[in-house]
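Here's a quick briefing to read alongside the model. Have a look at the structure first, then work through the notes by topic.

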Amino acid sequence: MALADSARGLPNGGGVSPAAGPGSGAAGSTAFPEIVELNVGGQVYVTRRGTVVSVRDSLLWRMFSQQQPGELPRDSKGRFFLDRDGFLFRYILDYLRDLQLVLPDHFPERSRLQREAEYFQLPELARRLAQGRGAAGGGTRPAALHRDGSLCPDEPPPPLGSLEAESPEGGGAASAPSPPSSRSPSGGPLLTPSQSLDGGAGRRSGYITIGYRGSYTIGREAQADAKFRRVARITVCGKTALAKEVFGETLNESRDPDRPPERYTARYYLKFNFLEQAFDRLSEAGFRMAACSSTGTCAFAPEQGGPADDKIWTSYTEYVFCRD
């Protein structure tokens, strides 16, 4: 029976809260459904209850075996809610399924994932992540990047200007410094003067496109509308490394996870809804606006359940920023 399977192997029949009273252990073990829905930082996960309680004494084990469903926070749709990083929780859940740590290549969030493992009280996972960070030759260590965004070998390239011309055959005078090369050891271009560390920049050039779809109402009650500009989501398009450099932890990567830093994406979006906040971060990173475009459509408010004389406009706008 599924009911028996859900409680199999759990202490005290799955555990109950002290408020449940004596003699109610069987009811506590069967209070949770076999399939549970989790809302982790806005990302929805559906899994078996046996998966989330697979590691004894972890935070999830205590939540779903030692407490009652009514004691746990839920969202508006009845899902169990956890205020943690929804993108990184997928790796927590993968670990709980088979107790194996498998990360993609070029994974840049190892330290943050270790912090999540510590929060969920998974000491073995946290230990493996810490070992992986400290291993010099680990297979999951992300490759280094040239400032042009191209991947380079694990060995660091020689400093700029330190390369010397080879001596002519047969020896002779000491070699003289060669003129700076226009190519990096990996074949990509070296930094231009505007990108050099001496010039105070030390950052890659490139483009980032910011897009948003918003709505506003024009009509008799437009003056009183508190939601004149309602922004549903701000999208980010461009090179992965540039997007992460500018927006950091405010970047939501859940729709395009595991993207290597030298690749491009059009599926990132921001965790906030203020355009000016995005513009401020781009300006602080040295970007300037190069172009923008917008399209819009109109619908009468009665079709959307609003006042008869109002019109609802929806628009999609893109802003292109560049850094030389």
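A residue counts as buried when its relative accessible area is under 20%, as exposed when it is over 50%, and as partly exposed in between. By that yardstick cysteine 292, with a relative accessible area of 52%, is exposed. Keep in mind that this is a predicted model. The protein chain has nine helices and nine strands, and buried residues make up 36% of its 324 residues.

**Overall numbers**

- The protein chain exposes about 18500 Å², and carbon and sulfur atoms supply 52% of that area.
- Take the contacts between residues at least 6 apart in sequence: 60% of them join residues at least 24 apart.

**Cysteines**

- Which side of the cut-offs does cysteine 322 fall on, buried or exposed? Cysteine 322 is buried, because its relative accessible area is 3% and the limit for buried is under 20%.
- Cysteine 292 goes the other way: its 52% makes it exposed, since exposed means over 50%.
- A disulfide needs a pair of cysteine sulfur atoms within 2.5 Å, and by this rule the count is zero.

**Nonpolar cores**

- The largest nonpolar core has 33 residues, and those with the most contacts inside it are Leu60, Phe64, Phe89 and Ile92.
- Strand 1 (35-40), helix 4 (59-65), strand 3 (80-82), helix 5 (89-98), helix 6 and helix 7 (123-134) each put at least two residues into this core.
- Which element gives the largest share of this core? That would be helix 5, with six residues.
- Apart from this core lies another one, of 20 residues, including Ile234, Leu242, Val246 and Tyr319.

**Leucine 60 and serine 65 in helix 4**

- Leucine 60 sits in helix 4 and is buried, with a relative accessible area of 2%.
- Leaving out residues up to four places away in sequence, leucine 60 touches Val52, Val53, Leu82, Phe89, Leu96 and Phe120.
- The C-alpha atoms of leucine 60 and leucine 122 are separated by 9.6 Å, though the two residues are 62 residues apart along the chain.
- Serine 65 is also found in helix 4, and at 0% relative accessibility it counts as buried.
- Between the C-alpha atoms of serine 65 and phenylalanine 32 there are 8.6 Å, with 33 residues of chain separation.

**Helix 6 and its partners**

- Which residues of helix 6 are buried? They are Arg110, Arg112, Leu113, Gln114, Glu116 and Ala117.
- Glutamate 116 belongs to helix 6, which covers residues 110-119. With a relative accessible area of 5%, glutamate 116 is buried, because the cut-off is under 20%.
- What does glutamate 116 touch, not counting residues up to four places away in sequence? The list is Arg84, Asp85, Leu88 and Ile92.
- Isoleucine 92 shows the contact from the other end: with the same sequence neighbours left out, isoleucine 92 touches Leu113, Glu116, Ala117, Phe120, Leu122 and Leu125.

**Positive phi angles**

- Leucine 99 is not a glycine, yet it has a positive phi of about 60°.
- You'll find leucine 99 in the loop between helix 5 and helix 6, where it counts as partly exposed at 37% relative accessibility.
- Glutamine 121, which follows helix 6, has a positive phi near 60° and isn't a glycine either.
- Glutamine 121 is in the loop between helix 6 and helix 7, and its relative accessible area of 33% makes it partly exposed.

**Cavity**

- How many cavities of 30 Å³ or more does the structure hold? There is one.
- About 30 Å³ of space lies in the largest cavity.
- Lining the largest cavity are Phe87, Phe107, Pro108, Glu109, Lys244, Glu253, Asp258 and Arg259.

Methods:
Residues numbered from 1 in each chain as written. Predicted model: local features only at pLDDT ≥ 70, side-chain atom pairs only at ≥ 80, totals over all residues. Heavy atoms only, no water. Buried < 20%, exposed > 50% of the residue type's maximum accessible area, 1.4 Å probe, protein only. Helix = DSSP H or I, 4+ residues; strand = E, 2+ residues; numbered from the N terminus. Contact = heavy atoms within 4.5 Å. Areas by Shrake-Rupley, 256 points an atom, 1.4 Å probe, with all protein chains shown as cover. Core = buried A, V, L, I, M, F, W, Y, C linked by side-chain atoms within 4.5 Å. 1 Å grid on protein atoms, 1.4 Å probe; cavity = no way out; pocket = protein on both sides within 12 Å on 5 of 7 lines; lining within 4 Å. Points joined across faces, edges and corners; volume = space filled by probe spheres on them.
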